[in-house]
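Trainee: Before we go through the terms one by one, could we look at the structure together?

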Amino acid sequence: MAKQKDPDRKLIAQNKRARYDYLILDTYECGIVLTGTEVKSLRQGRASLADGFVQIDGGEAWLHNVHIPEYAQGTWTNHAARRRRKLLLHRSEIDKLEAKSQETAHTIVPLALYFKKGRAKIEIALAKGKKEYDKRQTLREKQDRREADKAISSARRKQRA
């Protein structure tokens, strides 16, 4: 398991499938515009990034299909679970993402949703879709790495004894 990079970062949801299905080219951290009940639902650790994607529309970045369930104690002010949400990025980042996403097989996917110093942040990535043989190659490399780590740890154990 990878160690958390930032101690102020409290992870809410992670999209592990994105790293399997896509080759990650570049990552960005951005803010997200939320309503009050969405923040309360996120503080309970409830969200799903599985079908999410980012679309640049009218010079603004929008997050689609991310599921943040309704807040249980919410009233008529509750939010829609799968509404589109605006992302807060610098103009230069939006322009760069828009130019790159126009290229063939490039898309923008959410990787992680977390709180950082009390603010909801989302990590998005410019990604390129993998072919089936690329996915098999990734699995093979992961298995080889695991076997090598296992061999090293067993050798160290024998060395100590």
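Trainee: Where does Lys-117 lie?

Mentor: In this predicted model, Lys-117 sits in the loop between β6 (106–116) and β7 (119–129).

Trainee: Why is Lys-117 called exposed?

Mentor: The relative accessible area of Lys-117 is 65%, and since the term exposed applies over 50%, Lys-117 is therefore classed as exposed.

Trainee: What is the phi of Lys-117?

Mentor: Lys-117 has a positive phi of about 55 degrees although it is not a glycine. Most residues other than glycine have a negative phi. Asn-65, in the loop between β4 (60–64) and β5 (85–88), also carries a positive phi, near 60 degrees.

Trainee: What makes Asn-65 partly exposed?

Mentor: Its relative accessible area is 32%, and because buried needs a value under 20% and exposed a value over 50%, Asn-65 falls in between and is called partly exposed.

Trainee: How do you know whether Glu-38, in helix α2 (residues 36–43), is buried or exposed?

Mentor: The relative accessible area of Glu-38 is 0%, which lies under the 20% limit, so Glu-38 is buried. Ser-41 is placed in helix α2 as well, and with a relative accessible area of 0% Ser-41 is likewise buried.

Trainee: What makes the pairing of Glu-38 with Arg-85 a polar contact?

Mentor: The side chains of Glu-38 and Arg-85 come to 2.8 Å, which can be set against the limit of within 3.5 Å for a suitable pair of N or O atoms, and the pair is accordingly counted as a polar contact.

Trainee: Which residues does Ser-41 touch, leaving aside those up to four places away in sequence?

Mentor: Ser-41 touches Arg-46, Ile-68, Pro-69, Glu-70 and Tyr-71, where contact means heavy atoms within 4.5 Å.

Trainee: Turning to the whole protein, what does its secondary structure come to?

Mentor: There are four helices and seven strands, and read along the sequence they follow the pattern β-α-β-α-β-β-β-α-β-β-α.

Trainee: Why is the protein called more spread out than a compact globule?

Mentor: The globule rule gives 15 Å for 161 residues, whereas the radius of gyration of the protein is 19 Å, well over that value, so the protein is more spread out than a compact globule. The C-alpha atoms fill a box of roughly 65 × 40 × 25 Å along the principal axes, and 34% of the 161 residues count as buried.

Notes: Residues are numbered from 1 along each chain as its sequence is written. This is a predicted model: local features need pLDDT of at least 70, side-chain atom pairs count only at pLDDT 80 or more; totals for chains, interfaces and linings use all residues. Side-chain values use heavy atoms; hydrogens and water are left out. Buried means under 20% relative accessible area, exposed over 50%, partly exposed in between (1.4 Å probe, protein chains only). A polar contact is a pair of N or O atoms within 3.5 Å; within protein, one must be able to donate a hydrogen and the other to accept it, and residues adjacent in sequence count only if both atoms are side-chain atoms. Helices (H or I, at least four residues) and strands (E, at least two) are DSSP runs, numbered from the N terminus. The radius of gyration is taken over C-alpha atoms; the globule rule is 2.2 Å times the number of residues to the power 0.38.
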